Every structure is written in C-alpha cells, then in structure tokens.
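Hi,

Here is the model I promised to pass on. Have a look at it first, and then read on for what turned up when I went through it.

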Amino acid sequence: MSESQPPLVRVRGVDKVYHRGSEDIHVLLNLDLDVHPGEFLALMGPSGSGKSTLLNLIGGLDRPSQGTIEIGGERIDEISSRQLAAWRARHVGFVFQFYNLMPVMNAERNVELPLLLTHLNRGERRQHVETALHVVGLADRSRHHPRQLSGGEQQRVGIARAIVTDPTLLLCDEPTGDLDRKSGDEILGLLQALNREQGKTIIMVTHDPHAAQRASRIVYLEKGQLVSERPS
Amino acid sequence: MNGLINWFVQVTSLTAFNLRTIPERRGSALSSVIGIAGVVLVLVGVLSVASGFRRAMVSSGSPSEAIVLRSGSDSEMTSGLGRDEVRVIEDAPGIARDASGPLASAELFVIINLPKRSTGTDANVSLRGISPAAYAVRGNVRIVAGRRFTPGRNEVIVGAAAAGQFAGLDLGQDIRIGQNDWHVVGIFTANGDVSESEIWTDASVLQPAYHRGDTFQSVYVRLASPGDFKAFKDSLTTNPQLNVTPVRLSDFYAEHSTVVTEFIQRIGVVIALLMALGALFGALNTMYSAVAARTREIATLRALGFGSGPVIVSVLVESLALALVGGVVGGVAAYLAFNGHKTSTINWQTFSQVAFSFAVTPGLLARAIVFAMTIGLVGGLFPALRAARTPIATALREV
C-alpha cells in the first residue's frame, strides 16, 4: 500500500437515491472515500447501510445520483454505458457471493470469459487461464464444471476469473458469505496473498468481522454514510 | 475496426453460451419448437392445396398451345363455335401440321354428375368431346390402360385422376349419362395436368347425345412454335368472318386457377396468422423464461464487460435458432403428411371438378421458414430488450 501516491479510488460527495413510486430512498449520502493502490479495504455495516451500493458504484455497475467517482484518475461517472462496460473489462475484477459461474462451462472456460473481451489469441488466453488457475490452486480441476466443484473451489474459480485480466481493482461482494468457515478462511487467505504478494488493490464488502480482520483497513457504513474507520 | 471485431467476438461467445444452455431449458425450448412447427405444418398444409391446384392448372398449358373461344367468353362453358368458324380457324397461319392436316381439335364440353369415391356425393365432372387431332395437339396424353376410343362409338377414355376420384370409371365399366351408356375403354395420363380430371369421347358422338347439332365450344391448336402465336391471333382477330378470342393455353389455365388459388391462399394465411399468434406467445414465454432463468448469468456477463448489444443479439439468435428448428420440423412434417396427397375440388370458373395432388414446393417451404423466423424474431425481441435493459446491479441480486 502506498499512501504517498494519489488514491486509486476517489469518491467525492456521492449520493445514491432510488425511487420507489413517489418515495425517494437515499442509500448513500454525500459520501467521500479514498482507496490507495495496494490497499485491502473491508466495507462493513448493517444490511441496507449502502455498502454493496458503494461497491457497485466503484465497479461501474451503477451510477451515482450526485457526486464524482474517479478510478485511476478517470471519472467513471461521466462516461457512456458502452465505455463503462469496456472500462470494467479492463480495470475491474468482480468476486461475487454466489460465485456467478456459468454452469455449462468448465472452470477453464469460465476463467477465459473476460479474456474474450481482449485482443489475446487463443494460445495467449490459455496461458493466462492456466496461470490464474495455478494462482488459486485449481490447476488440476480446470476441466471440472461448477457442479463438480465444492463451494470453496467454485469461489476460487470466481477469483481466478476476476484476476485473469490482471485488473487494477478487485471488488469482492461477500466473497465468503456462502462458504463454511474453513473454506472462507482459505478464500480470505487467497485474497490476502493476492494483496500482499501481487499488490492487488481489493475492496471487500462483508458482514463478518472475522473476514474483515484480514483487510488492511476497515470502513463502517451506516445509513449511507461513513461512520468510522480503522486499520484492522 | 477493433471495436467491431470485439463486438462480433462478444456476440459469438454470448450466442454460443446461450445455445449451449438450451438443453438445460429443454422443456420450454421444446414447447416453443413444437408450437412453431405446428404453425408451419398448418400453413404449408393449407397452402400446398393452393399450390397443387395451381400446378395442375398451369402445367396444363404450354406456350405452344392455344385455345380459341367465341369473343366475350371467358370459359368454354359460355363459348360456341359453328363448323364453318372451326374450318376457318384450322386454316389460320401458325398452326403446326402433320400428315393428317392441321393440329387443331374442335371440342365441346359438358358437365356430368358422378359420385365421388371418397364420399359418395355427386360431383361435377367434365366430359369432353374431342377431334382426332386432340392427342397430337396436347402432345402429353398417354394411354396407360386399355386403348383409345373408336370414333363413332359410345366409348370413352378416362383421365387417371378422374378414375381415382370418381366411382364407376374403371376400365371396362359402363357409365350411364343421360339416355346413353358409355363404355370405358381406356385410362390416360397427361403429366398430371387438368385433362386427367376429364373424360374424353368422340366429339361427333357427343354432339347428338347432347343435342348440340354441329357446334363446338372451343378449338385447341398446337402452334408451329411459341412465337407463331401473334400471327395466329392477328389472323383470327382481323378476320371479319370470325368473332373469336385466341388465348395461349398456359395463360388460359393460369387465369382459370386464380379464384380458387387466391381463396385457398387467403384461408391458409388467415388460419396460419391465428395460429402464429398462439405460437408467438409461446415463443415469447419461452424466451422470457430463458432470459429470466439466466438473469443473473446475463448480468454477470455484462458486469464482466460484455455489452448490451451483444446480449440482445445473442438472445435473438437463440430465438431464431429455435424458430428455425421449429420451421424445419414443421416443413418436413408437412411434406411427409401432405405432399402428393390426391384430392379434387370444384373450379368455380368452370364448375367442374379438378383432381390434383397437394404440392409442398421448395418455394412454399422457404416461405414457411421465413414465417417461422419472423415469429422467432418477434418472440425474442422483447425478452432480449429486457435482458439488456435490466440494471446490472438489480439483476445480480435476483436469484
């Protein structure tokens, strides 16, 4: 982590309002947040506090109602949907709570998916996939389909898919939420290793204080606002 | 350029992904395929009646044959020509000749009632009196059983289609028409044209039997070449002794098939459209289910960076693929069920029965496939738009 460098993620004055009928629901209120390169940040807070919404905004899956979001110096709240999709493909790796793997594809093909959006040829893609599966310890399970893998293994495939394009930012939404403690610990260890050994910047949403302890910094949200933060 | 290549890569990978997930949704996919196949089956089935009828009528005339009717007549039923007029017509330029003279056959035409073999109900059948040159004029008449009738006798030869459709026309049987008995001495074919629905006899025998004196209703001629029609026509229409209309036989039969074929086609299209509406909802349901079942998968792909356009195209391609399968299945089923099925119907322009075979033509199958694909396109469009428009963050939360 390098706090001397400018922040990789700069969130300023962000509001997010959802409209339900005539009712406005303020999920995020005038929120500011910086995340520096190489940080492993845990976002915690009760249900409905806005942590997943914030993660979605940082990942370019949603747009703020107000305020700015800058990633690596680029204002992602200003670019078109098409540019945003291309930006996500280049810069963000997502890890989902329920893995979100394609059930008809084996592990190798699932990991290859984001590479289809690059200019790599088939051989280069295969090489990247092998490396990513090796990093998550699943090189020998590459031909297995999701249904043939345990929850922990599926999440490893999900992480391999997230890192295969070597993204700037790894966004994890409750990555251990569907796993038992042992598998969850293994996944957290893997994320920690990616952060420490490969310098990946990671933002992780979690309910679990035990999981949050693995992060280098913990930020608490409540009713759409940052209420406290501390190093883990 | 790179953007376009990237777009196609996205489309192909998403489409391949969608198509590979079809087995997981085989129930809804199968119902869509069966629904569309049913529509195509009915559409092709009904339209094959029209195309079979039209084929029988149109194949009856070649550009080298012509028919001469009295001016103002649009069918043989309303025409009348005297012996003197027939002689003048036979001498016209452009008519082919053989050793016996000009290839022209003065003919008369009456409608008789015979029971249908299938229902036992009476149907109008054409009994045609021909001249000796009629075989050479038609050129395609072959006796397939028995022999030609002997001129001057109450003998008839029966078209193969008529023999199959109407009772009492088997070789060797006698049929009673009016006050006379007629002996069936031969069965003939004529390449499946409308003549096969007729009974032929000697015109000189038929005239007194029906108190027609020495009159005919038409003269069929074979031209020396198709190009001779204009000279032939001009000589007849400018001859002050005549008041006749010469028409190429191919045009004559095409015109005579329009009422029936257009009626059948309209009925067919209306039935098919009604069924298509049902199939359309089936396709919509299938594709909505398909998209709904994969909401999170599609959202995941979009989160990874796949664009909305490729998502729309991939869903549409899947819908079109299902429709294509349905169309092909329906087309093949229609071909097996209907093609060549023999029947007869009344031609309202001549008030006589025309026996013909249902014809499932390549053109008809192509139209049906296009129709099926249209159902698939419309059925896939709205689910595709839904898949592309649902906010990613919302879709990722759906289970």
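Strand S6 of chain B, residues 122–130, is mostly covered in this predicted model: 7 of its 9 residues are buried. On one side S6(B) pairs with strand S5 (residues 104–115) of chain B, through 8 bridges and in an antiparallel sense. If you want a landmark for that pairing, B:Ile111 stands opposite B:Ser126. The two strands make a hairpin with 6 residues between them, and B:Gly120 in the turn has a positive phi of about 80°.

S6(B) also pairs with strand S11 of chain B (residues 198–202), and here the strands run parallel, joined by 5 bridges. The landmark in this case is B:Gly129, whose bridge partner in S11(B) is B:Thr201. Strands of a sheet can pair either way, parallel or antiparallel, through backbone hydrogen bonds.

As for the rest of chain B, there are 12 helices and 16 strands. Of its 399 residues, 51% count as buried. Among the contacts in chain B with a separation of 6 or more, 79% are between residues 24 or more positions apart.

Over to chain A, where I looked at one sheet. Four strands form an open sheet in the order S2-S1-S4-S5, with antiparallel pairing. Which strands stand at the edges? They are S2 (23–35) and S5 (74–75) of chain A; each has a single partner strand, so one side of each is left without a neighbour in the sheet. The partner of S5(A) is strand S4 (residues 66–71) of chain A, and 2 bridges join this antiparallel pair. One place to find the pairing is A:Ile71, which has A:Glu74 as its bridge partner in S5(A).

Now for how the two chains meet. The contact takes 21 residues from chain A and 22 residues from chain B. Between them the chains bury about 2000 Å², with 65% of that on carbon and sulfur atoms. Three residues to pick out are A:Met102, A:Val104 and A:Leu117: they supply 28% of the area that chain A buries against chain B, more than any other three residues. How many salt bridges are there between chain A and chain B? The count is 0, while 3 residue pairs are in polar contact, both residues of each being at pLDDT 80 or more. On the side of chain A that touches chain B, the largest share comes from helix H2 (residues 81–91) of chain A, with 3 residues. By class, that side of chain A has 14 nonpolar, 3 polar and 4 charged residues.

Salt bridges are another matter once you count over all chains, where the total comes to 26. Three of those in chain A are worth opening up in your viewer.

Start with A:Arg143 and A:Glu108, whose closest N and O atoms are 3.1 Å apart. This pair links distant parts of the chain, 35 residues apart: A:Arg143 is in the loop between helix H4 (122–135) and helix H5 (151–163) of chain A, and A:Glu108 is in helix H3 (residues 107–112) of chain A. With 59% relative accessibility, A:Arg143 counts as exposed.

Next, A:Arg156 and A:Glu186 form a salt bridge with the closest N and O atoms 3.5 Å apart. A:Arg156 lies in helix H5 of chain A and A:Glu186 in helix H6 (residues 181–198) of chain A, so this pair ties together parts that are 30 residues apart in sequence. Is A:Arg156 buried or exposed? Its relative accessibility is 18%, so A:Arg156 counts as buried, whereas A:Glu186 is partly exposed at 35%.

Helix H6 of chain A also holds A:Asp185, which forms a salt bridge with A:Arg214, the closest N and O atoms being 3.9 Å apart. A:Arg214 sits in the loop between helix H7 (209–212) and strand S9 (217–222) of chain A, so here the parts tied together are 29 residues apart in sequence. Both residues are partly exposed, with relative accessible areas of 24% for A:Asp185 and 23% for A:Arg214.

In chain B, salt bridges that share partners join B:Glu76, B:Glu107, B:Arg128, B:Arg138 and B:Glu198 into one network.

Cheers

Terms used: Residues are numbered from 1 along each chain as its sequence is written. Chains are lettered from A and ligands numbered from 1 in the order in which they are written. This is a predicted model: local features need pLDDT of at least 70, side-chain atom pairs count only at pLDDT 80 or more; totals for chains, interfaces and linings use all residues. Side-chain values use heavy atoms; hydrogens and water are left out. Contact means heavy atoms within 4.5 Å. Buried area is the accessible area (1.4 Å probe) that two parts lose on being put together, summed over both. A salt bridge is a side-chain nitrogen of Lys or Arg within 4 Å of a carboxyl oxygen of Asp or Glu. A polar contact is a pair of N or O atoms within 3.5 Å; within protein, one must be able to donate a hydrogen and the other to accept it, and residues adjacent in sequence count only if both atoms are side-chain atoms. Ala, Val, Leu, Ile, Met, Phe, Trp, Tyr, Cys and Pro count as nonpolar, Asp, Glu, Lys and Arg as charged, and the others, Gly among them, as polar. Two strands pair if DSSP finds at least two bridges between them. Buried means under 20% relative accessible area, exposed over 50%, partly exposed in between (1.4 Å probe, protein chains only).
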